[in-house]
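Hello,

Here is the structure I promised to pass on to you. Please have a look at it first, and then read my notes below.

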Amino acid sequence: MQNDGVCSLCNSKDESHQHLFFDCPFSTVVWHSLVAKNRVQGLSNNLGETLNWYCSNVTGIGLTSTTLKCTFATTVYGLW
């Protein structure tokens, strides 16, 4: 499989982790929807900061924590 380096979701920018997960218009809509539905506050539009937030705030095995972990993992997988 060949990839020309352009984001396959918007076909307008070079693909990078930051673009794919946060700067792409498609990804932005997905993240904003998930953040609103899960009532999450404090997330950034930066991959490193978001990962740090999750590691610090999503702990334990409760329903909310498990839901957020699954939501995050599924979203990253789906966008990738």
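**How two of the helices pack**

Helices α2 and α4 run roughly antiparallel to each other. This is a predicted model, so please read everything that follows in that light. The angle behind that description is a crossing of roughly 165 degrees between the axes of α2 (residues 25–37) and α4 (residues 63–79), which come within 12 Å. The crossing of α2 and α4 is right-handed. On the α2 side the contact is made by Phe-26, Ser-27, Val-30, Trp-31 and Leu-34, and on the α4 side by Thr-71, Phe-72, Thr-75, Val-76 and Leu-79. Sorted by type, the residues of this contact comprise 7 nonpolar and 3 polar ones, with no charged residue.

One of the polar residues there may catch your eye. Thr-75 belongs to helix α4, and with a relative accessibility of 8% it counts as buried. Setting aside residues up to four places away in sequence, Thr-75 touches Val-30, Trp-31 and Leu-34.

**The chain as a whole**

If you would like the wider picture, the secondary structure comes to 4 helices and 0 strands, so the order of elements from the N terminus reads α-α-α-α. The C-alpha trace spans about 40 × 25 × 20 Å along its principal axes. Of the 80 residues in the chain, 24% count as buried. Taking contacts between residues at least 6 apart in sequence, 38% join residues at least 24 apart.

**The cysteines**

How many disulfides does a search of the whole structure find? The count is 0. The reason for Cys-55 is distance: its sulfur lies 15 Å from the closest cysteine sulfur, that of Cys-70, which is too far for a bond. For comparison, the cut-off for a disulfide is a pair of cysteine sulfur atoms within 2.5 Å. Cys-70 is likewise in no disulfide, its nearest cysteine sulfur being that of Cys-55, 15 Å away. As for their surroundings, Cys-55 is exposed, with a relative accessible area of 63%, whereas Cys-70 counts as partly exposed at 45% relative accessibility.

**Two more residues to look at**

The first is Gln-18, which is found in helix α1 (residues 17–23). At 24% relative accessibility, Gln-18 counts as partly exposed. Which residues does Gln-18 contact, leaving aside its neighbours within four places in sequence? They are Asp-23, Asn-45, Asn-46 and Leu-47. For Asn-45, the C-alpha atoms of that residue and Gln-18 are separated by 8.4 Å, although the two residues are 27 apart along the chain.

The second is Asn-11, in the segment before α1. Its phi is near 55 degrees, a positive value in a residue other than glycine. That is worth a glance because most residues other than glycine have a negative phi. Asn-11 counts as exposed, at 59% relative accessibility.

If you open the model with only a few minutes to spare, I would begin with the contact between α2 and α4, including Val-30 and Trp-31 of α2 and Thr-75 of α4. After that, you could turn to Asn-11 and its positive phi.

Best wishes

Methods:
Residues are numbered from 1 along each chain as its sequence is written. This is a predicted model: local features need pLDDT of at least 70, side-chain atom pairs count only at pLDDT 80 or more; totals for chains, interfaces and linings use all residues. Side-chain values use heavy atoms; hydrogens and water are left out. Axes are lines fitted to C-alpha atoms, for helices over the stretch in contact, and angles run from 0 to 180 degrees between N-to-C directions. Angles under 35 degrees count as roughly parallel, over 145 as roughly antiparallel, 65 to 115 as roughly perpendicular and the rest as oblique. A crossing is left-handed if the near helix is turned anticlockwise from the far one by less than a right angle, and right-handed if clockwise. Contact means heavy atoms within 4.5 Å. Ala, Val, Leu, Ile, Met, Phe, Trp, Tyr, Cys and Pro count as nonpolar, Asp, Glu, Lys and Arg as charged, and the others, Gly among them, as polar. Buried means under 20% relative accessible area, exposed over 50%, partly exposed in between (1.4 Å probe, protein chains only).
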